[in-house]
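Trainee: I would like to go through this model feature by feature. Please give the general idea each time, then the case at hand.

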Amino acid sequence: ALCDPLTGVYNRSSFDSALTREMNLATRNEQSFSVLVIDIDHFKSVNDTYGHSAGDEVIKTIVDRIKLNIRNTDQLFRYGGEEFVVLLNNSDCDAAHVIADRILDSVRDDSIDVHGESLHVTVSIGLTCLFPDDSTSSIFERADAALYTAKDSGRDQVIVA
C-alpha cells in the first residue's frame, strides 16, 4: 500500500508521513534537508505518440536514473503520473543542486528505447531547502512552484526556490 506498483518506489500516500518525519529529524538534529520535485517534460506527447505502455517504460527508466543519482538514505516517491519527489536528508541547497544536476544529466544524456525508437526525454526540477519556520505544506509548495518556474522558463533545468 506504500509503494507504486509500476515503479516500486514509495507512493504519494506514504509521502506525507515521510516528509513530516524527515523535517522533524532535521530540525531536532539541526541538520539540513532539501526537497526535489521532478516532472518529465512533455510526457503527454509520449503517451499520445507511442501509447501508454511506452509511457510506462519512460516512467520506469526515469525512476531508475533518479535512483542511480541519489543516496541510499534519500527517499524517492512517485507523487503523480509523471511527477516525483525526492527527500534529501542532511543535504543543504548546494549538495541538493549537485544531485539534481546529476539527475538532469543522466536523463538528458541517455535515450530511452521504446518500440525500437530512441526517445530523448528531459525532466524539470524544483529544489528547495528547509527554512526554520517551514511546515510540510510550505516546503512542498515552494519546491513545486520552483518546478513550474523551471517548466515555464524552458524545461530541462533546475530552479532553486
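Mentor: In α1, the buried residues are S14, F15, A18, L19, E22, M23 and A26. Buried means under 20% relative accessible area, exposed over 50%, and partly exposed in between, with a 1.4 Å probe and protein chains only. Helices (H or I, at least four residues) and strands (E, at least two) are DSSP runs, numbered from the N terminus. This is a predicted model, where local features need pLDDT of at least 70 and side-chain atom pairs count only at pLDDT 80 or more, while totals for chains, interfaces and linings use all residues. Residues are numbered from 1 along each chain as its sequence is written, and side-chain values use heavy atoms, with hydrogens and water left out.

Trainee: What covers the buried residues of α1?

Mentor: Contact means heavy atoms within 4.5 Å. The cover includes β1 (10–11), β2 (33–40), β3 (75–78), β4 (83–89) and α5 (136–152).

Trainee: How many Å apart are the end C-alpha atoms of helix α1?

Mentor: The expected span of a helix is 1.5 Å times one less than its number of residues. For the 17 residues of α1 (residues 12–28) that gives 24 Å, and the end C-alpha atoms are 25 Å apart, which agrees. After α1 comes E30, with a positive phi near 50°.

Trainee: At what angle do helix α2 and α3 pack?

Mentor: Axes are lines fitted to C-alpha atoms, for helices over the stretch in contact, and angles run from 0 to 180 degrees between N-to-C directions. Angles under 35 degrees count as roughly parallel, over 145 as roughly antiparallel, 65 to 115 as roughly perpendicular and the rest as oblique. Here α2 (residues 43–50) and α3 make an angle of about 140°, with axes 7 Å apart, and the two helices are therefore oblique to each other. On the α2 side F43, V46, N47 and Y50 take part, meeting H52, A54, G55, V58 and I59 of α3.

Trainee: Is I66 in α3 buried or exposed?

Mentor: I66 is buried, because its relative accessibility is 0%. This residue lies in α3 (residues 52–68), and its contacts, not counting residues up to four places away in sequence, are I38, L76, F84, V86 and I103.

Trainee: In what order do the strands of the sheet stand?

Mentor: Two strands pair if DSSP finds at least two bridges between them. The 6 strands form an open sheet in the order β1-β3-β4-β2-β7-β8, with mixed pairing. β1 and β8 each have a single partner strand and stand at the edges, so one side of each is left without a neighbour in the sheet. At β1, 2 bridges join the strand to β3 in the parallel sense, and N11 is opposite R78 in β3.

Trainee: Which strands pair with β7?

Mentor: β2 runs antiparallel to β7 and is joined to it by 7 bridges, with I40 opposite V123. β8 (residues 158–160) pairs with β7 in the parallel sense over 3 bridges, and I125 stands opposite V158 there. In β7 (residues 123–129), 7 of 7 residues are buried. V123, I125, L127 and C129 point one way, and S124, G126 and T128 the other.

Trainee: Where is S91 placed?

Mentor: S91 is in the loop between β4 and α4 (93–109). S91 has a relative accessible area of 1% and is therefore buried. Leaving aside neighbours within four places in sequence, S91 contacts S32, F33, S34, R71 and A96.
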